[in-house]
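Here are some exercises to work through with the model open beside you. Try each task first, then follow the solution step by step.

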Amino acid sequence: MTVEIDSNSGFCGGVIRAIGGAEKFLAEKGTLFSLGAIVHNEAELSRLQHKGLITIDSLTAAPASFTVSPKEGSPAKAPVSAAKTLLIRAHGEPPRTYELAREKGFEVIDFTCPVVLKIQKSIREASRRHSPDGQIVIFGKIGHAEVLGLVGQVDGKAIVVEDVPQLEAAIDSGEIDVARHIDVFSQTTKSPTGYEQLCNYLASTMAAPGLLEVHNTICSQVASRHKELMDFARRHDIIVFVAGKESSNGHVLCNLCAGENPRTHLVGSAAEIDPSWFRPEDSVGVCGATSTPKWLLEEVAGHIKNLH
Ligand code: SF4
């Protein structure tokens with residue numbers, strides 16, 4: 001059995017920047033709060049947690065002060081009050097989050113990915129340009145942090161659709177009016193093919209030409225991975241796709257692999273691997289999402305090599 005790790009898998013630039021920033025801060029200050037998981041990968045989160053990263057799910061429910069256990073070698077014996085610095089992760093946040101963080105006494109370090117910041121700005125500009133009649137449509141996962149951050153740029157006045165049937169339903173119900181101007185954007189990690197299908201459908205239903213403006217907002221790092229990953233999945237007898245259960249990008253890319261190679265298995269870690277999946281002559285491909293750390297891909301590949 002041979003095992004190859006996909007050289008294009010692993011963290012994207014936005015995640016590398018956020019995690020690098022968090023690690024630098026933690027090395028100097030010891031404690032940092034993150035609003036939501038910095039990366040949708042349980043193993044990486046646990047590694048950062050040991051360095052002092054504390055994930056909080058909501059600012060509304062955040063207490064006025066936090067205590068942390070004293071570090072090794074510190075004269076303090078009891079838990080001490082933690083300095084409140086809040087990291088904004090690569091997904092970005094709506095403007096209200098920044099206000100709320102200040103109200104709650106947090107200092108903010110912002111690691112919103114520059115690509116996401118640019119889309120947030122485009123959405124604000126598009127909304128201003130076509131006000132009051134224009135509509136913003138976002139192709140994305142309802143409730144996903146990045147999507148909430150995008151919708152928040154226009155005070156929630158954007159319509160989110162996950163696929164063509166949802167778009168069709170929104171048009172039929174009158175929620176989307178095809179006789180008015182529409183700016184359409186995509187969440188950065190959506191499938192380029194899915195976005196193209198959605199935009200084609202929308203274009204075919206518009207009441208007049210020129211009313212639809214399509215913004216190419218799928219992250220280029222994600223888009224280029226799609227084709228490479230499909231080739232990788234075809235080249236191997238079996239694919240082990242490593243991603244956290246919450247990773248939206250992980251599900252998209254794993255489905256893409258499964259479309260090319262029916263022997264595709266999604267795992268969160270080496271512990272989830274079933275030896276009965278493999279045959280002695282198999283060529284095994286190990287790959288992952290933009291939220292999968294390289295060290296985890298190597299750990300999974302090492303585990304598979306040791307099975308026989
Ligand atoms: S996928 Fe692209 S847009 Fe999203 S965080 Fe990574 S680099 Fe940024």
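**Exercise 1. Find T193 and decide whether T193 is buried or exposed.**

Step 1: T193 lies in helix 7. Helices here are DSSP runs of H or I with at least four residues, strands are E runs of at least two, and both are numbered from the N terminus.

Step 2: Two ground rules before going on. Residues are numbered from 1 along each chain as its sequence is written. This is a predicted model, so local features need pLDDT of at least 70 and side-chain atom pairs count only at pLDDT 80 or more, while totals for chains, interfaces and linings use all residues.

Step 3: Count neighbours. T193 has 10 other C-beta atoms within 10 Å, so T193 is exposed. The cut-offs: buried means 20 or more other C-beta atoms within 10 Å of a residue's own, exposed means 12 or fewer, and partly exposed is in between, with C-beta atoms placed from the backbone.

Step 4: Check a distance. T193 and L150 sit 43 residues apart in sequence, and their C-alpha atoms are 21 Å apart in space.

**Exercise 2. Place four loop residues and classify the exposure of each one.**

Step 1: G210 is in the loop between helix 7 (192-205) and strand 11 (212-214). G210 counts as exposed because it has 7 C-beta neighbours inside 10 Å. From G194, 16 residues away along the chain, G210 is separated by 22 Å, C-alpha to C-alpha.

Step 2: S173 belongs to the loop between helix 6 (164-172) and strand 10 (182-186). With 8 other C-beta atoms within 10 Å, S173 is exposed. The C-alpha atoms of S173 and E103 are separated by 39 Å, and the two residues are 70 apart along the chain.

Step 3: D155 is in the loop between helix 5 (145-151) and strand 9 (159-161). There are 11 other C-beta atoms within 10 Å of D155, so this residue is exposed too. Look at its backbone as well: phi of D155 is near 50°, a positive value in a residue other than glycine.

Step 4: E246 lies in the loop between strand 12 (238-242) and helix 9. E246 counts as partly exposed because it has 17 C-beta neighbours inside 10 Å. Leaving out residues up to four places away in sequence, E246 touches A37 and H40; contact means C-beta atoms, placed from the backbone, within 7 Å. The C-alpha atoms of E246 and H144 are separated by 10.0 Å, with these positions 102 residues apart along the chain.

**Exercise 3. Which two residues does a cis peptide bond join?**

Step 1: Scan omega. The bond joins S131 and P132, with omega at about 5°.

Step 2: Locate the proline. P132 is in the loop between helix 4 and strand 8 (135-139).

**Exercise 4. Describe how helix 8 and helix 9 cross.**

Step 1: Two packed helices are described by the angle between their axes and the distance between the axes.

Step 2: The axes of helix 8 and helix 9 (residues 248-260) come within 8 Å and cross at roughly 35°. Axes are lines fitted to C-alpha atoms, for helices over the stretch in contact, and angles run from 0 to 180 degrees between N-to-C directions.

Step 3: The crossing of helix 8 and helix 9 is right-handed, meaning the near helix is turned clockwise from the far one by less than a right angle (anticlockwise would be left-handed).

Step 4: Pick out the contact residues. Helix 8 brings V222, R225, H226, L229, M230, A233 and R234, and helix 9 brings N249, L253, L256, C257 and E260.

Step 5: Sort the residues of this contact: seven nonpolar, two polar and three charged. Here Ala, Val, Leu, Ile, Met, Phe, Trp, Tyr, Cys and Pro count as nonpolar, Asp, Glu, Lys and Arg as charged, and the others, Gly among them, as polar.

**Exercise 5. Which element gives the most to the shell around the ligand?**

Step 1: Of the 14 residues around the ligand, C12, G14, C113, V115 and C219 come nearest. Being near takes a C-beta atom, placed from the backbone, within 6 Å.

Step 2: Helix 1 (13-29), helix 4 (114-129) and helix 8 (220-235) are the elements giving two or more residues to the shell. Helix 1 gives the most, with three.

Step 3: The shell residues divide into eight nonpolar, six polar and no charged.

How values were computed
Two residues are in contact if their C-beta atoms, placed from the backbone, lie within 7 Å.
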